[in-house]
Amino acid sequence: MKNIIENRTRTFDWADPMIGAKSAMKMSGYDYLKSIADSELPMPPIMSLMGVDNCKVEKGYMCFEFNAEEYHYNTIGGVHGGVFSTLLDSCISCAIHTTLPQGVGFSTIDLKVNFIRPITIETGLVICEGNAIHTGRKTAVGEGRLLDASGKLLATASVTCLILS
């Protein structure tokens, strides 16, 4: 059998993640994420790895953009469900983070994703939106969705976070 493999390569750059992590504890969640969106602090490495861009931050809301690439594909030629999940978890958790005061962190304890439509390179721009629904003393709940540029729903998710104070 003839070798049909054509290898591709990808490189990317990222900043020291501890720059942001140290700053996060000195700022409110909103101020911290706004500083990232305004390029005053570096984007977390996972976002650079995924290819996330154009962050918009409001209190209780996060939005960013994503374009599918071949390196996001699974074995059947579509974006892997783990990419959907990572995008949604990140966006919703950041929306929750915008509601937290200085010195308070969080950790996702539950993620529920509903896959509605596949994402491929042909999908084009994907908009990731997350909303904080409730932030309490011990837990927070949020929801989010992935949309294509025409507004077609691709996936939804809900997240529960543990509040770390």
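Q: Which element gives the largest share of the lining of the largest pocket?
A: This is a predicted model, and its largest pocket has a volume of about 450 Å³. Elements that give two or more residues to the lining are helix 1 (17-24), helix 2 (29-37), helix 3 (45-50), strand 2 (61-67), helix 4 (81-97) and strand 3 (105-115). The largest share is 5 residues, and they come from helix 4.

Q: Which residues sit closest to the centre of the largest pocket?
A: The lining takes in 24 residues. By type they split into 17 nonpolar, 5 polar and 2 charged. Closest to the centre are Y32, P44, I46, M47 and C94.

Q: How many residues of the largest nonpolar core come from helix 4?
A: In soluble globular proteins, nonpolar side chains tend to end up buried together. Here the largest such core has 38 residues, with M62, F64, L87, I119, C128 and L146 making the most contacts inside it. Two or more residues each come from helix 2, helix 3, strand 1 (53-58), strand 2, helix 4, strand 4 (125-135), strand 5 (139-148) and strand 6 (153-164). The largest share is that of helix 4, at 9 residues.

Q: Which residues does L87 touch, leaving out those up to four places away in sequence?
A: L87 is one of the residues with the most contacts inside the core. With sequence neighbours up to four places away set aside, L87 touches M50, V52, F64, F66, C128 and L146.

Q: Is F64 buried or exposed?
A: F64 belongs to strand 2. Leaving aside neighbours within four places in sequence, its contacts are M47, V52, D53, N54, C55, L87, S90, C91, V126, I127 and C128. The cut-off for burial is under 20% relative accessible area. F64 comes in at 1%, so it counts as buried.

Q: How far apart in space are F64 and A37, C-alpha to C-alpha?
A: Along the sequence, F64 and A37 are 27 residues apart. In space, the C-alpha to C-alpha distance is 9.3 Å.

Q: How many disulfides does the count come to?
A: A disulfide needs two cysteine sulfur atoms within 2.5 Å. For C63, the nearest cysteine sulfur is that of C91, 6.3 Å away. For C128, the nearest is also that of C91, at 5.7 Å. Neither C63 nor C128 is in a disulfide, and the count comes to 0.

Q: What is the relative accessible area of C63?
A: Anything under 20% is taken as buried. C128 meets that at 1%. C63 is buried as well, with a relative accessible area of 6%.

Technical notes: Residues are numbered from 1 along each chain as its sequence is written. This is a predicted model: local features need pLDDT of at least 70, side-chain atom pairs count only at pLDDT 80 or more; totals for chains, interfaces and linings use all residues. Side-chain values use heavy atoms; hydrogens and water are left out. On a 1 Å grid over the protein atoms alone, a cavity is a set of points where a 1.4 Å probe fits but cannot get out, and a pocket is an open set with protein on both sides within 12 Å along at least five of seven lines; lining residues have an atom within 4 Å of a point. Grid points are joined across faces, edges and corners, and a volume is the space filled by probe spheres set on the points. Helices (H or I, at least four residues) and strands (E, at least two) are DSSP runs, numbered from the N terminus. Ala, Val, Leu, Ile, Met, Phe, Trp, Tyr, Cys and Pro count as nonpolar, Asp, Glu, Lys and Arg as charged, and the others, Gly among them, as polar. A nonpolar core is a set of buried Ala, Val, Leu, Ile, Met, Phe, Trp, Tyr and Cys residues joined through side-chain atoms within 4.5 Å. Buried means under 20% relative accessible area, exposed over 50%, partly exposed in between (1.4 Å probe, protein chains only). Contact means heavy atoms within 4.5 Å.
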